[in-house]
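Student: Could we take a close look at one part of this model together? I'd like to go slowly through how the aromatic rings sit with one another.

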Amino acid sequence: MRTTATVLATAGLLTATQLGLAGGAFAAAQAPQRAGCPLNLVYPTSFYINSHGWVTNGGLYFGIKNKSTTQSFKKVSFTITNVKNIRFGSATATGGKVTHKTSQTVTVYTGTLNKKASLGMKVQTHLLNTHSYQLKFTLRGQGWNCAVNQGTWGN
């Protein structure tokens, strides 16, 4: 029994070494949800980074999803802003368009967020420190009772 465990552990270490220098990371969000807010935040809970600190697989996806089956909302913008040790590369929008993009901030906008629709962005992300990073969410629009500050995400 011990021999089997040792062999499996050694094989696991070799496999991880053979995969290269890529590492995994986990993040948590501290997002306040108001009772009257019909939107859900969408954010990654785990991802991989390469040896240079860039997130693999094209970057990270952040967004919002309209939970309402009856309401649409106007002039919706969703912004992510660096708080600590994150830089952004190129960004692509889903459900809208990128209206502002710097290495510190990315904003997506849509004129109308339909019922059960989503608005988001996939952003190439560089972590300057893989053990300590954070960004904040900002949400603006018309027709709901949601806070502008939607909390933070990171480690």
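Student: Are F47 and W153 buried or exposed?

Tutor: Both F47 and W153 are buried. Keep in mind that we're looking at a predicted model here. Searching the whole structure turns up 8 aromatic pairs. F47 and W153 make one of them: the ring centres are 5.9 Å apart, and with 40° between the planes the pair is tilted. Now look at where the two residues come from. F47 belongs to strand 4 (residues 46-49), while W153 belongs to strand 12 (residues 149-154), so this pair links distant parts of the chain, because 106 residues separate the two partners.

Next, try F78 and F137. Their ring centres lie 5.8 Å apart and their planes meet at 15°, which is under the 30 degrees cut-off, so this pair counts as stacked. F78 sits in strand 6 (residues 73-84) and F137 in strand 11 (residues 134-142), so the pair ties together parts of the chain 59 residues apart in sequence. How well are these two covered? F78 has 0% relative accessibility, so F78 counts as buried. F137 has a relative accessible area of 1%, and that makes F137 buried too.

Now put the pieces together. Ring pairs join F47, W153, F78 and F137 into a cluster that also takes in Y43, F62 and Y133. So when you turn the model around, you can pick out the tilted pair of F47 and W153 and the stacked pair of F78 and F137 as members of that cluster.

Definitions and conventions:
Residues are numbered from 1 along each chain as its sequence is written. This is a predicted model: local features need pLDDT of at least 70, side-chain atom pairs count only at pLDDT 80 or more; totals for chains, interfaces and linings use all residues. Side-chain values use heavy atoms; hydrogens and water are left out. Rings of Phe, Tyr and Trp (its six-membered ring) pair if their centres lie within 6.5 Å; planes under 30 degrees apart count as stacked, over 60 as edge-to-face and the rest as tilted. Helices (H or I, at least four residues) and strands (E, at least two) are DSSP runs, numbered from the N terminus. Buried means under 20% relative accessible area, exposed over 50%, partly exposed in between (1.4 Å probe, protein chains only).
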